Amino acid sequence: MVGPAFKRDPNGNIIHENGIPQYDSEYKVLGNIQPDWTGGIGFDLGYKKWQLYTLIDAKMGGDIYSMTTTWGRYSGVLEETLLGREWYRR
């Protein structure tokens, strides 16, 4: 996933002007949905006429894009959007 990223200072903090985060002029890699590895294991257990099979599956790594967070930032309901508001207190 590639897109506009925030400008950051040498410490990695987002740069704000008048409470608004500033965007970098170049597009950057924002995330990667591909997992670093995937795997699974199955267990089969039987007793007389009863049979039980279970499967455990895993995908580890990669990045998740949250549309909930996007809409929360857009509507201003997340705590991180308080920066720059007049009544903001920590």
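# A spread-out chain of strands and one helix

Met60 is partly exposed, with a relative accessible area of 43%; here buried means under 20% relative accessible area, exposed means over 50%, and partly exposed is in between, using a 1.4 Å probe and protein chains only. This is a predicted model, where local features need pLDDT of at least 70, side-chain atom pairs count only at pLDDT 80 or more, and totals for chains, interfaces and linings use all residues. Residues are numbered from 1 along each chain as its sequence is written, and side-chain values use heavy atoms, with hydrogens and water left out.

**Overall layout**

- The chain's secondary structure adds up to one helix and six strands, where helices (H or I, at least four residues) and strands (E, at least two) are DSSP runs numbered from the N terminus.
- Start at the N terminus and the order of elements reads β-β-β-β-β-β-α.
- The chain is more spread out than a compact globule, because its radius of gyration is 22 Å, well over the 12 Å that the globule rule gives for 90 residues. That radius is taken over C-alpha atoms, and the rule is 2.2 Å times the number of residues to the power 0.38.
- Along the principal axes, the C-alpha atoms fill a box of roughly 75 × 30 × 20 Å.

**Surface, burial and contacts**

- Just 8% of the 90 residues count as buried.
- The accessible surface of the chain is about 8500 Å², and carbon and sulfur atoms hold 55% of that. Accessible areas come from the Shrake-Rupley method with a 1.4 Å probe, and for residues only the protein chains shown count as cover.
- Look at contacts (heavy atoms within 4.5 Å): of those in the chain with a separation of 6 or more, 35% come from residues 24 or more positions apart.

**Around Met60 and Asp63**

- Met60 sits in strand E6, which covers residues 50-60.
- Leaving out residues up to four places away in sequence, Met60 touches Pro35, Asp36 and Trp37.
- Take Asp36 from that group: Met60 and Asp36 are 24 residues apart in sequence, yet 5.9 Å apart in space, C-alpha to C-alpha.
- Asp63 belongs to the loop between E6 and helix H1 (67-75), and Asp63 is partly exposed at 44% relative accessibility.
- Asp63 touches Gly31, Asn32 and Ile33, again not counting residues up to four places away in sequence.
- Asp63 and Met1 are 62 residues apart along the chain, and their C-alpha atoms are separated by 9.5 Å.

**Charges and salt bridges**

- The chain carries 10 positive and 11 negative side chains, and the centres of the two sets lie 9 Å apart. Lys and Arg count as positive and Asp and Glu as negative, while His and the chain ends are not counted. The place of a charge is NZ of Lys, CZ of Arg, CG of Asp or CD of Glu.
- Side chains of opposite charge can pair when their charged atoms come close.
- A salt bridge here is a side-chain nitrogen of Lys or Arg within 4 Å of a carboxyl oxygen of Asp or Glu, and the count comes to two.
- Lys28 pairs with Asp24 in one salt bridge, with the closest N and O atoms 2.9 Å apart. Lys28 is partly exposed at 38% relative accessible area, and Asp24 is partly exposed at 23%.
- Arg73 and Glu80 also meet through their side chains in a salt bridge, at 2.3 Å from N to O. Arg73 is partly exposed, with a relative accessible area of 47%.

**Positive phi angles**

- Most residues other than glycine have a negative phi.
- Asn18 is not a glycine but has a positive phi of about 55°. You'll find Asn18 in the loop between strand E2 (16-17) and strand E3 (20-21), and Asn18 counts as exposed at 80% relative accessibility.
- Lys48 is not a glycine either, and Lys48 has a positive phi of about 55°. Lys48 sits in the loop between strand E5 (37-47) and E6, and at 74% relative accessibility Lys48 counts as exposed.

**After the helix: Thr81**

- Thr81 lies in the segment after H1, and Thr81 is buried, with a relative accessible area of 18%.
- Setting aside neighbours within four places in sequence, Thr81 is in contact with Gly72, Arg73 and Gly76.
- Thr81 and Tyr23 are 58 residues apart in sequence and 16 Å apart in space, C-alpha to C-alpha.
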